[in-house]
Amino acid sequence: MTTKNSWRAPSNIALIKYWGKKTQGNQLPLNPSLSFTLKNCYTESTAELLDLNKTESEVMAYLDGARVKSFDAKALKLKRYFEKDFPGLIDKAIVLQTKNTFPHSSGIASSASGMAALSLCLLNFFKTETDADFFHLASYYARLGSGSAGRSLFPHLAAWGLSELKGTTDEKAIAFNDYHEIFKDYQDSILIVSKDEKSVSSTAGHKLMENHPYADARVQNANKNFHELLSVLKNGDLEQFNKIVESEALELHSLMMTSTPSFILLAPETLAIVMAVRQFRKESKIPLCFTIDAGPNVHLLYPKKYLSAVHEFINAQKKNYLSVIHDEVGMGPQKI
Ligand code: PMV
């Protein structure tokens with residue numbers, strides 16, 4: 001058994017949003033979801049196994065070389081899941097060195113790429129990447145660490161929990177390959193509106209779906225949107241694509257606003273950008289759309305051939321954001 005593994009795992013942006021967990025089972029989603037895998041936003045992690053009695057704590061996490069004790073608990077939780085299936089880990093300590101290509105305070109969650117990278121490192125102590133189900137197993141464990149992380153194991157597009165797609169269940173995602181070539185290098189320019197910590201964590205937000213008055217309607221809508229998106233992804237109908245993707249983002253935030261207690265993660269600048277995107281689309285006929293995760297930042301999605309026109313639009317919006325990260329749909333994880 002090797003004692004040190006290093007993996008790079010990408011971040012992802014959901015088109016069909018995962019929101020809420022089933023009350024039965026462990027970290028199973030209320031609804032199926034689908035995401036673009038990003039190319040430039042990723043985490044690189046190295047996990048090293050040491051004898052447990054030789055270290056001060058069972059997990060020692062470092063970010064950019066500096067000890068970050070607050071990361072230990074999440075990594076330890078994942079280690080416990082692995083120990084159930086791989087008891088060889090029980091008497092080991094883990095030294096985790098991790099770094100992200102996007103700043104920690106950029107408002108982009110590192111949990112998806114971080115949990116995916118750690119799962120790959122830990123699984124790789126027991127299985128090799130050429131094993132047929134290696135990435136599906138990694139998805140299973142990554143999902144236990146952070147739901148959306150289960151989708152960060154596959155290139156380009158990933159689907160999680162739509163039972164009619166072969167290979168995915170609520171427990172693990174799959175690579176989704178049935179899409180028009182326009183999506184292969186689709187652009188995602190992320191406008192960072194705020195660098196503040198989220199006022200309500202995703203964990204707390206998921207929990208508020210348990211007694212949510214619109215929970216049943218949400219599950220129905222997500223399934224309907226997913227099914228419609230399946231044909232849109234195949235035929236490349238961008239008008240329909242934009243409609244579904246924007247509706248998913250706005251529905252996610254309406255669920256937050258109508259939770260008890262209610263919470264609002266959108267900022268005034270988020271709405272200003274959203275309005276400007278719609279105006280720009282109407283006037284230019286360029287199929288630019290937005291999506292938004294659990295925070296105020298706006299992901300602008302568009303085909304690569306419109307890059308320069310959209311970059312001009314982004315420049316004109318400067319007063320509404322702090323910084324921008326240009327990314328695109330791309331590769332899955334890589335061993336480093
Ligand atoms: O993986 P979590 O528990 O942080 O949940 C993420 C949920 C959203 O980012 C809002 C949507 C998604 O599907 O990624």
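Select the shell around the ligand: its residues divide into five nonpolar, five polar and three charged. Here Ala, Val, Leu, Ile, Met, Phe, Trp, Tyr, Cys and Pro count as nonpolar, Asp, Glu, Lys and Arg as charged, and the others, Gly among them, as polar. This is a predicted model: local features need pLDDT of at least 70, side-chain atom pairs count only at pLDDT 80 or more, and totals for chains, interfaces and linings use all residues. Residues are numbered from 1 along each chain as its sequence is written, and side-chain values use heavy atoms, with hydrogens and water left out.

**The ligand shell**

Stay on the ligand. It is surrounded by 13 residues, each with a heavy atom within 4 Å of it. The closest are Tyr-18, Ser-146, Ser-148, Arg-151 and His-206.

Now look for polar contacts, meaning pairs of N or O atoms within 3.5 Å; within protein, one must be able to donate a hydrogen and the other to accept it, and residues adjacent in sequence count only if both atoms are side-chain atoms. Pick His-206: an N or O atom in its side chain is 3.0 Å from an oxygen atom of the ligand. Move to Ser-202, where a polar side-chain atom lies 3.3 Å from a ligand oxygen. At Gly-147, a polar backbone atom is 3.5 Å from an oxygen atom of the ligand. On its own the ligand has 380 Å² of accessible area, and the protein covers 91% of that (Shrake-Rupley method, 1.4 Å probe).

**The two domains**

Colour domain 1 (4-181) and domain 2 (182-328). These bounds come from an automatic or database domain assignment. Why does the ligand lie between them? Both domains give residues to the shell around the ligand, so it lies between them. Their centres, taken over C-alpha atoms, are 23 Å apart.

**The interface**

Select the contact residues: 37 in domain 1 and 47 in domain 2, with contact meaning heavy atoms within 4.5 Å. The two domains bury about 3,700 Å² between them, 67% of it on carbon and sulfur atoms. Buried area is the accessible area (1.4 Å probe) that two parts lose on being put together, summed over both. Show Lys-17, Trp-19 and His-180: they supply 22% of the area that domain 1 buries against domain 2, more than any other three residues.

Finish with the polar links. Between the domains there are 19 residue pairs in polar contact (both at pLDDT 80 or more). Three salt bridges also join domain 1 and domain 2, each a side-chain nitrogen of Lys or Arg within 4 Å of a carboxyl oxygen of Asp or Glu. Zoom in on Lys-234 and Asp-178: they form a salt bridge, with the closest N and O atoms 3.4 Å apart.
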